[in-house]
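Biologist: Could you take me through one part of this model slowly, as you would for someone in their first year? I would like a close look at a single stretch and its surroundings.

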Amino acid sequence: MLVSAIDFDALSSVLAPGSNYRIVVNFTFMETECTYDYLFVYDGDSYQSPLLASLSGNTLPQPIEAKSGQVTSSMGLLSVFHPVCPWR
């Protein structure tokens with residue numbers, strides 16, 4: 001299990017144990033000011049990586065999978081990430 005906690009004006013990156021792993025982000029709670037605050041999730045180590053999701057409001061999204069072995073998110077986020085074994 002990898003845990004990430006960040007400030008509200010920063011990006012947070014999480015690395016899996018190896019580049020052949022995937023990271024699946026499962027949301028248990030989601031709440032931002034709808035259409036004003038957004039949570040962006042990227043498949044890689046920066047905001048220039050492919051965008052996986054742009055989320056706003058309080059509807060729980062489906063699980064998000066980062067195939068690069070890294071995931072980066074914007075906004076204040078306390079999250080728990082579980083790397084997925086490469087053979088699954």
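**From strand S3 into the loop**

Modeller: Happy to! Keep in mind that this is a predicted model. Let's settle on the loop between strand S3 and strand S4 (39–42), where Thr 32 is found, and start with the strand that leads into the loop.

Strand S3 covers residues 22–25, and all of them are buried. Look at which way they point: Arg 22 and Val 24 go one way, while Ile 23 and Val 25 go the other. That is a pattern worth remembering, as side chains in a regular strand alternate between the two faces of the sheet. S3 also has a partner, strand S6 (residues 64–66), with which it pairs in the antiparallel sense over three bridges. Within S6, Glu 65 is the bridge partner of Val 24.

Now step into the loop itself. Thr 32 counts as buried because its relative accessibility is 15%, and buried means under 20%. Its side chain makes a polar contact with the side chain of Ser 56, at 3.4 Å. Thr 35 also lies in the loop between S3 and S4, but Thr 35 is exposed, with a relative accessible area of 62%. The phi of Thr 35 is near 65°, a positive value in a residue other than glycine. Most residues other than glycine have a negative phi.

On the far side of the loop, S4 is joined by two bridges to S7, and these strands run antiparallel. Val 41 has Ser 73 in S7 as its bridge partner. Strand S7 (residues 70–74) has four of its five residues buried, so it is largely enclosed by the rest of the structure.

Terms used
Residues are numbered from 1 along each chain as its sequence is written. This is a predicted model: local features need pLDDT of at least 70, side-chain atom pairs count only at pLDDT 80 or more; totals for chains, interfaces and linings use all residues. Side-chain values use heavy atoms; hydrogens and water are left out. Buried means under 20% relative accessible area, exposed over 50%, partly exposed in between (1.4 Å probe, protein chains only). Two strands pair if DSSP finds at least two bridges between them. A polar contact is a pair of N or O atoms within 3.5 Å; within protein, one must be able to donate a hydrogen and the other to accept it, and residues adjacent in sequence count only if both atoms are side-chain atoms.
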